[in-house]
Amino acid sequence: MPFNDYETDATELLETYDFLMKYIVIGEAGTGKSCLLHHFTHNSFKDHSQHTIGVEFSSRTIRLGEKRIKLQLWDTAGQERFRSVTRSYYRGAAGAILVYDITKLSLIASSFPSSRESFQKLSRWLADARALASSHLVVVLVGNKSDREEEREVEWAEASRWAAENDVHFLEASSLTGDNVEAPFMLAARSILLSIESGALDPEKAGSGVSYGDRALRRVNSSSRLSFGSLSRGQRRPVKLKVKNWVPGSQCC
Ligand SMILES: Nc1nc2c(ncn2[C@@H]2O[C@H](COP(=O)(O)OP(=O)(O)OP(=O)(O)O)[C@@H](O)[C@H]2O)c(=O)[nH]1
Ligand SMILES: [Mg+2]
């Protein structure tokens, strides 16, 4: 499904959704994690971004086909000194946005590592996330700062190869221009929904990183089955919800 087929809706007053999903945003300091997230939630570049201290939380509700999905977004600090704190937030994440910097030099070179380093350290970030998050964790690798093409240090092909070898999705983005800032979040949500649809991921299971929202429950009340309409045409498989285990207002993970 091309990305422009996705619709997003952050302005609706009534906060109803079909699924709640937990995401973590991880990667070396200075790669632009906070700016990427800020552009996704505020539709603007975050000026004068400072190092994240520990973890910051935000959320946004998106629409994917017929489904409304509330994303719980945990922006983690890339600095080593916060590693033990940030790792504790990985637990039960369904999606991870793994960010590196494609350019040669960081804007504040003295306080950030070189971007080549942010790419070389990806394996460690990925290993940590896979060890601590949901066993069905969907990872999207994002090469950020694509607006600085003339200062590029990490080639698209090299990162794409790494992504394929490590079984993660991949794309490049710019938190400055807004290019591709929505795509990683949508891509992860779509992949998670497909896992639910196929029966591989059960939102009722603790630690899955996903839970049903009130909108899904209402649909179940009118028919006891939840169908994933437009997500994977031709391969639809209705998922039966066990309503008795659902707790109103329960949070995911
Ligand atoms: N040119 C350009 N600069 C960017 C982009 N994204 C972020 N930056 C700059 O990169 C620097 C670091 O951005 P942050 O978002 O704070 O980095 P971070 O990954 O959250 O860093 P930590 O919180 O320390 O882990 C800032 O000076 C941003 O202005 C981008 O897409 N293009
Ligand atoms: Mg940050």
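Tutor: A helix here is a DSSP run of H or I with at least four residues, numbered from the N terminus. The model is predicted.

Student: What makes helix 1 stand out in the shell around ligand 1?

Tutor: Helix 1, residues 33-42, gives the most to that shell, with 3 residues.

Student: Which residues come nearest to ligand 1?

Tutor: Of the 22 residues around ligand 1, the nearest are Gly32, Ser34, Ser49, Thr52 and Gly78. By class, the shell has 12 polar, 6 nonpolar and 4 charged residues.

Student: Why is strand 4 called largely enclosed?

Tutor: A residue is buried if 20 or more other C-beta atoms lie within 10 Å of its own. In strand 4, residues 67-76, 9 of the 10 residues are buried, so the strand is largely enclosed by the rest of the structure.

Student: How do you know that strand 2 and strand 4 pair?

Tutor: Pairing needs at least two bridges found by DSSP. Strand 2 (residues 19-26) and strand 4 have 7 bridges, in the parallel sense, so by that cut-off they pair. Lysine 22 stands opposite glutamine 72 in strand 4.

Student: What joins strand 3 to strand 4?

Tutor: The two form a hairpin with 2 residues between them, and glycine 65 in the turn has a positive phi of about 60°. Strand 3, residues 55-64, pairs with strand 4 in the antiparallel sense over 10 bridges. Serine 58 stands opposite leucine 73 in strand 4.

Student: Which residues have the most contacts inside the largest nonpolar core?

Tutor: They are Tyr23, Ala96, Leu98 and Ala189, in a core of 55 residues. Helix 6 (residues 183-198) supplies the largest share of this core, 8 residues. Tyrosine 23 touches residues including Leu71, Leu73, Trp74 and Ala188.

Note on methods
Residues numbered from 1 in each chain as written. Chains lettered and ligands numbered in written order. Predicted model: local features only at pLDDT ≥ 70, side-chain atom pairs only at ≥ 80, totals over all residues. Buried ≥ 20, exposed ≤ 12 C-beta atoms within 10 Å, placed from the backbone. Near = placed C-beta within 6 Å. Nonpolar A, V, L, I, M, F, W, Y, C, P; charged D, E, K, R; others polar. Core = buried A, V, L, I, M, F, W, Y, C linked by C-beta atoms within 7 Å. Contact = placed C-beta atoms within 7 Å. Lists of a residue's contacts leave out its neighbours within four places in sequence.
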